[in-house]
Amino acid sequence: MIGYVDRVPAADVTSADGSVSAGVPSLDVRGLHYSYPDGHVALRGVDLVVPRGGRVALLGPNGAGKTTLVLHLNGILSGGGGTVTVGGLTVTRDRATLAEIRRRVGIVFQDPDDQLFLPTVAEDVAFGPANLGLRGAELESRVTEALDAVGMTEHRDRAPQHLSFGQRRRVAVATVLAMRPEILVLDEPSSNLDPAARRELAAILRRLPVTMLMVTHDLPYALELCDRAVILDAGRIVADGATAELLADAELLARHRLELPYGFDPALAARQLAAHQGGMVR
Amino acid sequence: MGAGHAHVLYRDRSSPVHRLPPEVKITAMVVFTVAVVATPREAFWAFGGHAILITLVAALARIGPGWLATRALIEVPFVVFAFALPFLGSGDRVHWLGLELSVDGLYGGWNILAKGTLGVLASLVLAGTTTTRDLLLGLDRLRCPQIVTQIATFMLRYLDVLVGEARRMRIARVSRGDDPRFLWQLRGFAAGIGALFLRAFERGERVYLAMVARGYQGRMPDVRRGAGAAGLRHWLAAATVPLAATGVATAAAVLG
């Protein structure tokens, strides 16, 4: 399990000792509403609970409000009504609370060029933990640990623009892992990856011992990595259940502009996945 | 993707000049340039002295004269005016090859040309021996305002991305039959510049959001400032050149 270091004032946390007990969900979103300043209503009452260690796919067509929801999870957007609670700590406008929330929620944005802005890989991975106040050997070990987790240790001194797209996305994952997040939020992790890079990233994500919320419209990827899925459409959660079951409901998918790739049989894929995972357990 | 060359001017060599910490090299370059500028323009021998100093440092850094000379051409647009001065200047005139030249203008042109060239050469030696990354680190250690170094850092990182976007947009335009060879065909290009600006603006916003999501609160954490900073030894070594130049400038001023 990735470690959990707490730096929050005890008063802000539900449990008195500052740690999060096993029963507290990693993410608890209640009645979230949001309208953009131009009047466009993006979220109309979103409720979503992700338990610790859970792996949930957030599915939905373009414009469903997925990115808006993600930007609420660490308080970048707020103020439209409803609450977001991460590991027992509710998002407020208070600076110290926001800093801790941003440590707990690790968002991997869709374009790694947006995320990686420093001249070398190692500096970029160090940026988050350095903002948390880490320095010296401790910071160094965080960077090494995160780069190890995504298999990019040997590229630590290279410039991000000299890496392949798949490598850049893996580094982007490392930049938030270095903050030891309570929940990892991935925005379209498989977009623009070639099939090999897509598979390599899946293998890495499967190994990571963190709670995960994966925003995507790559339905096979959701099936492969998340046992549970929710569908967001027009600012509401319209379905919540086992990924295999949701994907088998062709009518539900069609209603919300979601489509499986041509020739993809979700029932067969689910059986293969179950057999594969059974094999891995043995 | 545009796997760019981040080090346009950097000459990858191993030399004592390369190994000096960036902050002492920046300081030495600035002091040297000030000494050059302060040298009286009539003291021709002094400029020879400055040139010898530059040549020595360039040789020590194993930077070839050919490379320096071609890169120094960048100053040409800026010193073109210097060549006009002898014709435009007033006062005493001399006749040379049938041309009537102003003495004051000749001195003025020489002044701009000599000082400009020496300044450019000094900057080139600095850029050739220091990576862009280290230059920024050096500026940061010299307490240059963080806003300046941050902007330069972003430029360094995103220039390639922007150039790549511009190239892809141009290819897409040309693929659809756009062939801007004349001024009145530049409409597509101009619209492309506008689109590029919007893209850069939107990317800036996304980069900022991604930084905030990782706990950015308006100041970069100063992680690298301490490691490898210059010691007294480095400062003394780098001080030799600007001190010599200052000596030359002072001598020139005193001797007239």
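**View 1. Helix 3 and helix 10 of chain B, packed together in a predicted model.** In this predicted model, helix 3 (residues 44–60) and helix 10 (residues 232–255) of chain B pack with their axes 9 Å apart, at an angle of about 170°. With that angle, helix 3 of chain B counts as roughly antiparallel to helix 10 of chain B, since anything over 145 degrees falls in that class. On the helix 3 side, look for B:Ala46, B:Gly49, B:His50, B:Leu53 and B:Val57. Facing them from helix 10 of chain B are B:Val241, B:Ala244, B:Ala245, B:Val248, B:Ala249 and B:Ala252. Sorted by type, the residues of this helix 3 to helix 10 contact in chain B come out as nine nonpolar and two polar, with no charged ones.

**View 2. The two domains of chain B.** The domain assignment splits chain B into domain 1 (16–139 + 228–255) and domain 2 (145–213). Domain 1 is written as two stretches of chain B, 16–139 and 228–255. Taken over C-alpha atoms, the centres of domain 1 and domain 2 of chain B are 35 Å apart.

**View 3. Where chain A touches chain B.** Chain A puts 29 residues into this contact, and chain B puts in 24 residues. On the chain A side, the elements that give two or more residues are helix 2 (95–104), helix 3 (112–115), helix 4 (121–131) and helix 6 (165–177). Helix 4 of chain A gives the most, with five residues. As for character, the chain A side divides into 16 nonpolar, seven polar and six charged residues.

**View 4. The four-stranded sheet of chain A.** Here four strands of chain A make an open sheet, ordered 2-1-4-5, and the pairing is antiparallel. Strand 2 (41–50) and strand 5 (89–90) of chain A sit at the edges with a single partner strand each, so one side of each has no neighbour in the sheet. Further in, strand 1 (residues 27–35) and strand 4 (residues 83–86) of chain A run antiparallel and are joined by four bridges. To find your place on this pair, start from A:Val29, whose bridge partner in strand 4 of chain A is A:Val84.

**View 5. The six-stranded sheet of chain A.** This one is also an open sheet, with its six strands in the order 6-7-8-3-9-10 and mixed pairing. Strand 6 (105–108) and strand 10 of chain A are the edge strands; each has a single partner, so one side of each is left without a neighbour in the sheet. Ignoring direction, neighbouring strands are turned by 20° against each other on average.

**View 6. Strand 3 of chain A and its two parallel partners.** Strand 3 (residues 55–59) of chain A pairs with strand 8 (residues 211–216) of chain A in the parallel sense, over five bridges. A:Leu59 has A:Thr216 as its bridge partner in strand 8 of chain A. Strand 3 of chain A also runs parallel to strand 9 (residues 228–233) of chain A, with four bridges joining them. On that pair, A:Ala57 stands opposite A:Ala229 of strand 9.

**View 7. The hairpin of strand 9 and strand 10 in chain A.** Strand 9 of chain A is joined to strand 10 (residues 236–242) of chain A by six bridges, and the two run antiparallel. A:Val230 pairs up with A:Asp240, its bridge partner in strand 10 of chain A. Two residues lie between the strands of this chain A hairpin, and A:Ala234 in the turn has a positive phi of about 50°.

Methods. Residues are numbered from 1 along each chain as its sequence is written. Chains are lettered from A and ligands numbered from 1 in the order in which they are written. This is a predicted model: local features need pLDDT of at least 70, side-chain atom pairs count only at pLDDT 80 or more; totals for chains, interfaces and linings use all residues. Two residues are in contact if their C-beta atoms, placed from the backbone, lie within 7 Å. Ala, Val, Leu, Ile, Met, Phe, Trp, Tyr, Cys and Pro count as nonpolar, Asp, Glu, Lys and Arg as charged, and the others, Gly among them, as polar. Two strands pair if DSSP finds at least two bridges between them. Axes are lines fitted to C-alpha atoms, for helices over the stretch in contact, and angles run from 0 to 180 degrees between N-to-C directions. Angles under 35 degrees count as roughly parallel, over 145 as roughly antiparallel, 65 to 115 as roughly perpendicular and the rest as oblique. Domain bounds come from an automatic or database domain assignment.
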